[in-house]
Each structure stands twice: as structure tokens, then as C-alpha cells.
Amino acid sequence: MLHQQIDQKLTEKEAWALRRQLGIPNNKRLWVLACMDERLPVEKALGIAEGDAHIFRNAGGLVTDDAIRSAMLTTQFFGTKEIIVINHTECGMMTASGDLLSEILLKRGINIDEVSIDPALPQLKLPKGVFSKWIKTFTDVDEVCLKQVELLQSSPLIPQDVVVTGYIWEVETGSLRRPYQRLSQKVNTAEDMAAKTSSNSHHHAPQTV
Ligand SMILES: [Zn+2]
């Protein structure tokens, strides 16, 4: 009967709206830390749908105090068991050093040693000279990805049994890869393939998989 279909729909809608009250975790029990870059489509990259994850995005996809705050809440109180970090190639955080950005802000009249980094919590202050580090620019996306995984794994605010993994989103290919495993560097060139089939190829290093 129709009322059964309607009731079913209503029950589902109520469960969706009242998930936190009912103690229902997100579908994949997943928390994602990703860069805010518009070229990184988080759900598409991970093959997940609406409702599957709590997604936290900031400049770089980096472990910051607010990232830790959110990761702590989702893993300690909302049933999340897995964390995935996504950093990406051509990240804006690699374009300038923290010192250079600080210098520009100073020239714009911002007192970086006194400014409140959290207006809602004035007690939270940076020691003098730390502002540049707080911006957290980086130079190597693979290195930074592994570092974020390590930082999350070692945080006392996140349970030990939470599984943390990191990936790189390649904006140039629109695909995900593991840190330090750029697929394009493994693809054979014609020269490499000729060397493999040639009998006097001993001067070429064998391909490792
Ligand atoms: Zn980025």
C-alpha cells in the first residue's frame, strides 16, 4: 500500500536528519583531510557518495590544530575508523615560502606577531616568530603527504586503531596515486622497451616493478 512506501521514505529521512542523535556514523566511517583546491574533487577521487564521509578541507590538506580538533571529534565520538589524507600536485602551498608570505602581510600592515589566529579563542596565541611556520607552506607533495599520515597516527587525540592512509591527487591526469609512485615514470618508453628486448642491453638497469 502507498502509505507503507511513504512511511518507509519518512523513516529514512528521519534517520538521515537525526544521525548524530541516533549515534549513526557516516556510511564509510571515514574522515577525509584534503586540500581546498577546486581541482581536487574529493568524492570523485575516492569513489564515494554523499553521506559516506566527514570531509575536512584546508589550504594544503594539512594537519593543523583545527584538523586535529575535527579528527578527534569524528574518531572519538562519531564512530569514524578510517582517515584518508589527499594532497595534490601543483598545490598553491608550494608556490611561495612562509617567510615571503609573512613579509607581504607585514607590508600590508598586518602585525603577524600579535594578530589573533583564532578570534573566537583569543587565548590561542602563537609565540613570536612562528607565524611563517604556521602558514605551513611546503616543497615536496609526496613528502608532505607521508608526514600528514605520520602526524595523525602519532596524535594522542586520535585512537590508535584508526587506519590512516595518504594519497596524491594528480591534477594533470585527474587520478589518485600513492606517495612517490608517479605512474608516468613507470610507463615504458620505446627506448626502454627496445633495450629490454635487445641482446646487448646489459648497460641498461633492469626495470623494477
Ligand atoms: Zn592545494
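Okay, let's start at one residue and work outwards. Glu 38 sits in the loop between β1 and α3, which covers 42-46. Keep in mind that everything I show today comes from a predicted model. Is Glu 38 buried or exposed? Glu 38 counts as exposed, because its relative accessible area is 71% and the cut-off for exposed is over 50%. Now look for Leu 18 on your screen. Glu 38 and Leu 18 are 20 residues apart along the chain, and their C-alpha atoms are separated by 30 Å.

Let's zoom out to the whole chain. How many helices and strands does the chain have? There are 8 helices and 5 strands. If you walk along from the N terminus, the order goes α-α-β-α-β-α-β-α-α-α-β-β-α. And the overall shape? The radius of gyration is 23 Å, while the globule rule gives 17 Å for 209 residues, so this chain is more spread out than a compact globule. You can picture a box around the C-alpha atoms, taken along the principal axes, of roughly 75 × 65 × 30 Å.

Some more numbers on the chain as a whole. Out of 209 residues, 32% count as buried. The chain exposes about 13,800 Å², and 56% of that comes from carbon and sulfur atoms. Then take the contacts with a separation of 6 or more: 67% of them are between residues 24 or more positions apart. As for charge, we have 23 positive and 26 negative side chains, and the centres of those two sets lie 2 Å apart.

Right, on to the metal. Which residues are the protein donors of the zinc ion? They are Cys 35 through SG, His 88 through NE2 and Cys 91 through SG, lying 2.0 to 2.3 Å from the zinc ion. Written as a spacing in sequence, the donors read C-x52-H-x2-C. The two cysteines link distant parts of the chain: Cys 35 belongs to strand β1, residues 30-35, whereas Cys 91 is in the loop between β3 (82-88) and α5 (98-107), 56 residues apart. Why does Cys 35 count as buried? Its relative accessibility is 4%, and the limit for buried is under 20%. Cys 91 is buried as well, at 2%.

Next to Cys 91 in the numbering there's Glu 90, also in the loop between β3 and α5. Glu 90 is exposed, with a relative accessible area of 57%. Its phi is near 60°, a positive value in a residue other than glycine. Why point that out? Because most residues other than glycine have a negative phi. Arg 29 is another one to look at: its phi is near 50°, again positive. You'll find Arg 29 in the loop between α2 (19-22) and β1, and it counts as partly exposed at 36% relative accessibility.

Last stop, Ile 48. Where is Ile 48? It lies in the loop between α3 and β2, which is 53-58. Ile 48 is buried, at 12% relative accessible area. What does Ile 48 touch, leaving out residues up to four places away in sequence? The answer is Lys 28, Leu 30, Glu 43 and Ala 53. Finally, compare its place with Val 171: these two are 123 residues apart along the chain, with 18 Å between their C-alpha atoms.

That's my tour, thanks for listening.

Definitions and conventions. Residues are numbered from 1 along each chain as its sequence is written. This is a predicted model: local features need pLDDT of at least 70, side-chain atom pairs count only at pLDDT 80 or more; totals for chains, interfaces and linings use all residues. Side-chain values use heavy atoms; hydrogens and water are left out. Helices (H or I, at least four residues) and strands (E, at least two) are DSSP runs, numbered from the N terminus. The radius of gyration is taken over C-alpha atoms; the globule rule is 2.2 Å times the number of residues to the power 0.38. Buried means under 20% relative accessible area, exposed over 50%, partly exposed in between (1.4 Å probe, protein chains only). Contact means heavy atoms within 4.5 Å. Accessible areas come from the Shrake-Rupley method with a 1.4 Å probe; for residues, only the protein chains shown count as cover. Lys and Arg count as positive and Asp and Glu as negative; His and the chain ends are not counted. The place of a charge is taken as NZ of Lys, CZ of Arg, CG of Asp or CD of Glu. Donors are N, O and S atoms within 2.8 Å of the metal (3.2 Å for Na, K and Ca); water is not among the atoms, so sites may look incomplete.
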